[in-house]
Amino acid sequence: ERYRNALDRITKRLGGERHQKIRSLLDEAFDGVCSHEAWVGSLLSEYYDPMYDYQLSKKKERVVFAGTAESVKEFLEESRLKPLLQS
């Protein structure tokens, strides 16, 4: 019931049709008809991914560097050392 209530709270953002689709998948998963991967995957791709992209676009000017996990790690390590090297 907790998951159903949480999903119902974002009905407006999902839209009625997408909410109903995900709600049906959620109900089926808790009834043992299908796996939880179906409703969780839909919720991630249809709600959280777009929300993340939207929030990121609003903060685009604050992004200093973007890249792979490895390149970000290198950037952070170099950035930490730059002040030491400039002294």
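## Starting at the N terminus

Glu-1 is exposed, with a relative accessible area of 59%. Bear in mind that this is a predicted model. Glu-1 belongs to the segment that comes before helix 1 (2-9). Follow the chain along to Phe-30 and you have gone 29 residues, yet the C-alpha atoms of Glu-1 and Phe-30 are separated by 9.8 Å.

## Helix 1 against helix 3

Helix 1 packs with helix 3 at an angle of about 175 degrees, and their axes are 11 Å apart. Since an angle over 145 degrees counts as roughly antiparallel, helix 1 is roughly antiparallel to helix 3. On the helix 1 side, the contact is made by Tyr-3, Arg-4, Leu-7 and Asp-8. Helix 3 answers with His-19, Ile-22, Arg-23, Leu-26, Asp-27 and Phe-30. Sorted by class, this contact of helix 1 with helix 3 has 5 nonpolar, 1 polar and 4 charged residues.

Arg-23 deserves a second look here. It sits in helix 3, and its relative accessibility is 18%, so Arg-23 counts as buried, the cut-off being under 20%. What does Arg-23 touch, once neighbours within four places in sequence are left aside? Its contacts are then Arg-4, Leu-7 and Asp-8, and these three also appear on the helix 1 side of the contact with helix 3.

## Helix 3 against helix 4

On to the next pair. The axes of helix 3 (residues 16-30) and helix 4 (residues 36-58) come within 7 Å, crossing at roughly 155 degrees. That angle makes helix 3 roughly antiparallel to helix 4 as well. As for handedness, helix 3 passes helix 4 in a left-handed crossing.

From helix 3, the residues involved are Arg-18, Lys-21, Ile-22, Leu-25, Leu-26, Ala-29 and Phe-30. They meet His-36, Ala-38, Trp-39, Ser-42, Leu-43 and Glu-46 in helix 4. Split by class, the contact of helix 3 with helix 4 comes out at 8 nonpolar, 2 polar and 3 charged residues.

Ala-29 is one of the helix 3 residues in that contact. Not counting residues up to four places away in sequence, Ala-29 touches Cys-34, Ser-35, His-36 and Trp-39.

## The nonpolar core

Which residues make up the largest nonpolar core? There are 10 of them: Leu-7, Ile-10, Leu-14, Ile-22, Leu-25, Leu-26, Ala-29, Trp-39, Leu-43 and Tyr-47. Helix 3 and helix 4 are the elements that give two or more residues to this core. Helix 3 gives the most, with 4 residues.

Some of these names have come up already. Ile-22 and Leu-26 are part of the contact between helix 1 and helix 3, and both are also among the helix 3 residues that meet helix 4. Leu-7, another core member, is on the helix 1 side of the contact with helix 3.

## Out in the loop

Now for a residue further along the chain. Ala-66 has its place in the loop between helix 4 and helix 5 (69-86). Is Ala-66 buried or exposed? With a relative accessible area of 65%, Ala-66 is exposed. From Ala-66 to Leu-7 is 59 residues in sequence and 32 Å in space, C-alpha to C-alpha.

Technical notes: Residues numbered from 1 in each chain as written. Predicted model: local features only at pLDDT ≥ 70, side-chain atom pairs only at ≥ 80, totals over all residues. Heavy atoms only, no water. Axes fitted to C-alpha atoms, helices over the stretch in contact; angles between N-to-C directions. Parallel < 35°, antiparallel > 145°, perpendicular 65-115°, else oblique. Left-handed = near helix turned anticlockwise from the far one by under 90°. Contact = heavy atoms within 4.5 Å. Nonpolar A, V, L, I, M, F, W, Y, C, P; charged D, E, K, R; others polar. Buried < 20%, exposed > 50% of the residue type's maximum accessible area, 1.4 Å probe, protein only. Core = buried A, V, L, I, M, F, W, Y, C linked by side-chain atoms within 4.5 Å.
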